[in-house]
Amino acid sequence: VQLQASGGGLVHPGGSLRLSCAASGSVLSVNVYGWYRQAPGKRREQVALISTTDNTRYPDPMKGRFTISRDSAKNTMYLQINNLQPEDTAVYYCNAGFAFGIDHYFPDYWGQGTLVTVSS
């Protein structure tokens, strides 16, 4: 499975962005997609997950401003981020994998990442 993330850029605090992740290849072999991010000097962290049945999961710190969605016809996943803050500055990675339940997900495939910079 190949994943291509896009949509990052420079945003002012309070702004919004929608990231996209296009999947290709053996997409039928995966059933969960996710977004992770890695800020400078910090560990990579999970942002959101979505299954191919549109079940979603957000870690508690990500609830409220992040919305994950997917368009199965386009094999594309999205991450809407609202009210961006400087601490959201990070490289955002999309990933995919197969899991027996979304709560047991571990990524098998990774995209190249897209940089989101929040600054005034």
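Aspartate 54 and arginine 70 form a salt bridge in this predicted model, with 3.5 Å between their closest N and O atoms. Aspartate 54 sits in the loop between S5 and strand S6 (56-57), while arginine 70 belongs to strand S7, so the pair ties together parts that are 16 residues apart in sequence. Below you will find the other salt bridges, then the disulfide, the cores and the sheet.

**Salt bridges**

- Searching the whole structure turns up 6 salt bridges.
- Neither end of the pair described above is buried: aspartate 54 is partly exposed at 47% relative accessible area, and arginine 70 is partly exposed at 23%.
- Another salt bridge links aspartate 88 with arginine 37, and here the closest N and O atoms are 2.9 Å apart. Since aspartate 88 lies in the loop between S8 and S9 and arginine 37 in strand S4, this pair ties together parts that are 51 residues apart in sequence.
- Aspartate 88 and arginine 37 are both buried. They also belong to a network of salt bridges, which links Arg37, Glu45, Arg65 and Asp88.
- Aspartate 60 and lysine 63 make a salt bridge too, with a closest N to O separation of 3.0 Å. Both aspartate 60 and lysine 63 are exposed.

**The disulfide**

- The structure has 1 disulfide, which joins cysteine 21 to cysteine 94 with an S to S distance of 2.2 Å.
- Cysteine 21 is part of strand S3 and cysteine 94 part of strand S9, so the bond ties together parts that are 73 residues apart in sequence.
- The torsion about the S-S bond is about 70°, and therefore the disulfide is right-handed.
- Both cysteines, 21 and 94, are buried. For cysteine 94 the relative accessibility is 0%.
- Beyond its neighbours within four places in sequence, cysteine 94 touches Cys21 and several other residues, among them Leu3, Ala5, Trp35, Met77 and Trp110.
- If you would like a distance to check in your viewer, the C-alpha atoms of cysteine 94 and tyrosine 58 are 14 Å apart, and these two residues are 36 apart in sequence.

**Nonpolar cores**

- The largest nonpolar core contains 29 residues, and Tyr33, Trp35, Leu79 and Tyr92 have the most contacts inside it.
- Strands that each give two or more residues to this core include S1 (2-6), S3 (17-24), S4 (32-38), S8 (76-81) and S9 (90-97).
- A second core, separate from this one, has 6 residues, including Tyr36, Ala99, Ile102 and Tyr105.
- Leucine 79 is in contact with Trp35 and Tyr92, and its other contacts beyond four places in sequence include Leu17, Leu19, Val47, Phe66 and Ile68.

**The four-stranded sheet**

- An open sheet is made of 4 strands, ordered S1-S3-S8-S7, with antiparallel pairing.
- S1 and S7 stand at the edges with a single partner strand each, so one side of each has no neighbour in the sheet.
- From one strand to the next, the twist averages 20°.
- S3 and S8 are paired through 6 bridges in the antiparallel sense; alanine 22, for instance, has threonine 76 in S8 as its bridge partner.
- S1 and S3 are also antiparallel, over 5 bridges, and glutamine 2 has serine 24 in S3 as its bridge partner.
- The two faces of S1 are easy to tell apart by residue: Leu3 and Ala5 make up the covered face, whereas Gln2, Gln4 and Ser6 make up the uncovered one.

Technical notes:
Residues are numbered from 1 along each chain as its sequence is written. This is a predicted model: local features need pLDDT of at least 70, side-chain atom pairs count only at pLDDT 80 or more; totals for chains, interfaces and linings use all residues. Side-chain values use heavy atoms; hydrogens and water are left out. A nonpolar core is a set of buried Ala, Val, Leu, Ile, Met, Phe, Trp, Tyr and Cys residues joined through side-chain atoms within 4.5 Å. Buried means under 20% relative accessible area, exposed over 50%, partly exposed in between (1.4 Å probe, protein chains only). Contact means heavy atoms within 4.5 Å. Two strands pair if DSSP finds at least two bridges between them. Axes are lines fitted to C-alpha atoms, for helices over the stretch in contact, and angles run from 0 to 180 degrees between N-to-C directions. A disulfide is a pair of cysteine sulfur atoms within 2.5 Å. A salt bridge is a side-chain nitrogen of Lys or Arg within 4 Å of a carboxyl oxygen of Asp or Glu.
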